[in-house]
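Hi there,

Here is the structure I promised to hand over. Have a look at it first, and then read on for what turned up in it.

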Amino acid sequence: MSTPVLDVRGLAYGYPDGHQALFGVDLHVHRGERVALLGPNGAGKTTLVLHLNGILTAGAGSVAVSGLPVEKQHLQEVRRRVGIVFQDPDDQLFMGTVRQDVAFGPANLGVRGADLDRRVMAALEQVGMAEHVDRPPHHLSFGQRRRVAVATVLAMEPEVLVLDEPSSNLDPASRRELADILRSLDVTVLMVTHDLPYALELCPRSVVLSGGTVVADGSTYDVLTDDALMRAHRLELPFGFDPRSVRPGLGTGVAPDRAAPPRTDAAGGLVASPGTHTNPGDLT
Ligand SMILES: Nc1ncnc2c1ncn2[C@@H]1O[C@H](COP(=O)(O)OP(=O)(O)OP(=O)(O)O)[C@@H](O)[C@H]1O
């Protein structure tokens with residue numbers, strides 16, 4: 001099998017105050033996958049994400065991006081390969097215009113002139129924000145700022161796009177439009193979310209982190225319909241939302257009635273299931 005874009009092995013991490021947040025996490029994401037990272041508050045999702053581009057460094061275990069170890073001497077290239085879109089777009093937008101914000105990352109990598117302009121406009125077009133290129137980010141709506149934050153990362157031409165709660169604080173139309181944008185991108189996606197319908201809509205595969213360990217890794221449909229798993233790890237679907245009533249096969253890669261039963265670990269959690277390395281969201 002090809003080298004995973006994200007290859008996390010045995011990752012353990014304790015914060016300086018002694019709090020152990022991750023206990024031997026394994027996560028392998030292949031090119032073109034869209035994977036949701038689910039789990040209750042305090043599960044360790046953010047801690048894991050912060051290891052993917054070296055903001056935190058592994059206490060034990062290893063993290064590699066397309067074969068490149070996430071280590072101090074490789075951080076510039078790792079950060080080009082892994083683009084993180086944080087939950088609050090204002091953490092990523094700090095320049096006078098949208099153009100300057102989107103150009104900031106590639107310019108730091110030495111991209112100049114027409115190539116830089118091309119990257120900026122291509123990234124803004126991907127998120128439907130090209131017409132706002134000369135506006136100050138603080139004049140944009142929250143949903144528009146989130147799209148520009150995605151563009152700042154796309155302009156780096158990353159191999160993997162990591163999104164922290166991409167649907168939070170968006171109105172239903174903006175939420176749907178962002179889903180359409182994310183689905184249209186030709187990039188590997190890891191999405192941290194508490195929005196389980198969004199995970200089902202966008203990500204064929206879900207990994208559940210709980211108490212600093214991976215407790216399930218399988219098709220999103222299988223995860224969300226495993227009532228015992230959901231209860232055990234405080235995952236709740238919105239009132240009235242039934243994944244079984246969603247278009248068959250969406251988020252699974254295979255129609256549910258054709259899917260083999262998911263594999264489970266000793267504690268009964270899903271560990272793998274078929275159809276996890278495809279993007280059946282593209283079926284829509
Ligand atoms: N800077 C820190 N110092 C000490 N402990 C921390 C720090 N940041 C997070 N933690 C602890 O590490 C654990 C994992 O936190 P983390 O933020 O990774 O969880 P999460 O899954 O992202 O949660 P949420 O869904 O609430 O965002 C929690 O118990 C948290 O209290």
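A word on one term before the ligand comes up: a residue counts as near a molecule if its C-beta atom, placed from the backbone, lies within 6 Å of it. Please also keep in mind that this is a predicted model.

With that cut-off, the residues around the ligand are Tyr15, Asp17, His19 and Ala21, then Gly39, and then the run Asn41, Gly42, Ala43, Gly44, Lys45, Thr46 and Thr47. Sorted by character, this shell holds 7 polar, 3 nonpolar and 2 charged residues. Which element gives the largest share of the shell? That is helix α1 (residues 45-52), with 3 residues.

Now for the chain as a whole. The protein chain has 9 helices and 12 strands. Of its 284 residues, 46% count as buried. Looking at contacts between residues at least 6 apart in sequence, 68% join residues that are at least 24 apart.

You may like to know what the records say, too. UniProt, in an unreviewed entry, lists residues 6-236 as "domain: ABC transporter". Over that stretch, the chain is 36% helix and 26% strand, and the C-alpha atoms at its ends are 28 Å apart.

There are two sets of strands I would point you to. One is an open sheet of 4 strands with antiparallel pairing, in the order β2-β1-β4-β5. At its edges are β2 (20-29) and β5 (68-69), each of which pairs on one side only. Strand β4 (residues 60-65) runs antiparallel to β5, and 2 bridges join them. There, alanine 64 has proline 69 of β5 as its bridge partner.

The other place to look is around strand β7 (residues 160-164). Is this strand mostly covered or mostly open? It is mostly covered, with 4 of its 5 residues buried. Strand β6 (residues 82-85) runs parallel to β7 and is joined to it by 4 bridges, with valine 82 standing opposite valine 160. β7 also pairs in the parallel sense with strand β8 (residues 188-192), this time over 5 bridges. In that pairing, valine 160 stands opposite threonine 188. To get from β7 to β8, the chain passes through helix α6 (residues 172-184), and this β-α-β crossover is right-handed.

As you trace these strands, it may help to recall that strands of a sheet pair through backbone hydrogen bonds, either parallel or antiparallel.

Enjoy exploring it!

Best wishes

Key. Residues are numbered from 1 along each chain as its sequence is written. This is a predicted model: local features need pLDDT of at least 70, side-chain atom pairs count only at pLDDT 80 or more; totals for chains, interfaces and linings use all residues. Ala, Val, Leu, Ile, Met, Phe, Trp, Tyr, Cys and Pro count as nonpolar, Asp, Glu, Lys and Arg as charged, and the others, Gly among them, as polar. A residue is buried if 20 or more other C-beta atoms lie within 10 Å of its own, exposed if 12 or fewer, and partly exposed in between; C-beta atoms are placed from the backbone. Two strands pair if DSSP finds at least two bridges between them. A crossover is right-handed if, with the strands pointing away from the viewer, the path from the first strand over the helix to the second runs clockwise. UniProt positions are given in the numbering used here, feature names are shortened, and annotations may be inferred rather than shown by experiment. Two residues are in contact if their C-beta atoms, placed from the backbone, lie within 7 Å.
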